[in-house]
Amino acid sequence: MNKENILKELNFKATRSSGAGGQHVNKTSSKIELNFDLENSFSLSENEKELLKVKLSSKLTKENVFILFCEETRSQHRNKEIAIKKFLYLFKVSLIRPKRRRITKPSKGAMTRRVETKKRTSFKKILRKKPRLD
């Protein structure tokens, strides 16, 4: 994944932000909409595209376009920076392949320790019982 090439493929659109802000919110377009066309990207390999389609399936449209909104601050430029950081973080995390789990067996020492502690606790519980008067 080449960061510079991916950043060139991003499309931004500024819209009016919702929520509080008084008259100012009706005049300025500070909300940023980030679009990334996953299907037509040149900077990602086919394997990376497939992995991202699986991991980010809830955030993709039917045309495999990734959309991210940011309206955290009142500054359009700051929102753009935040959106880019979120985008790069999501892609970085999604492209990490989990390590395969190797099936292992507990060691003999661990098994004997487990059995010994079980015996000790059962003995402790036996001692707690009231003695039988037969």
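## Strand pairing

β1 and β2 run antiparallel and are joined by five bridges; strands count as paired if DSSP finds at least two bridges between them. Helices (H or I, at least four residues) and strands (E, at least two) are DSSP runs, numbered from the N terminus. Lys-13 stands opposite Glu-33 in β2.

The open sheet has three strands in the order β1-β2-β3, with antiparallel pairing. β1 (11–15) and β3 are the edge strands, each pairing on one side only. On average, neighbouring strands of the sheet are turned by 20° against each other, direction ignored.

## Basis of the model

The model is predicted: local features need pLDDT of at least 70, side-chain atom pairs count only at pLDDT 80 or more, and totals for chains, interfaces and linings use all residues. Residues are numbered from 1 along each chain as its sequence is written, and side-chain values use heavy atoms, with hydrogens and water left out.

## Helix against sheet

α4 packs on the sheet and touches β1, β2 and β3, where contact means heavy atoms within 4.5 Å. The direction of α4 makes about 35° with that of β2; axes are lines fitted to C-alpha atoms, for helices over the stretch in contact, and angles run from 0 to 180 degrees between N-to-C directions.

## Nonpolar core

The largest nonpolar core (buried Ala, Val, Leu, Ile, Met, Phe, Trp, Tyr and Cys residues joined through side-chain atoms within 4.5 Å) has 20 residues, of which Phe-36, Phe-66, Phe-87 and Phe-91 touch the most other members. Buried means under 20% relative accessible area, with a 1.4 Å probe and protein chains only. At least two core residues come from each of β2 (31–37), α3 (46–55), β3 (65–70) and α4 (76–94); α4 gives the most, with five.

Beyond its neighbours within four places in sequence, Phe-66 has contacts that include Leu-34, Phe-36, Leu-56, Phe-87 and Phe-91.

Conventions
Buried means under 20% relative accessible area, exposed over 50%, partly exposed in between (1.4 Å probe, protein chains only).
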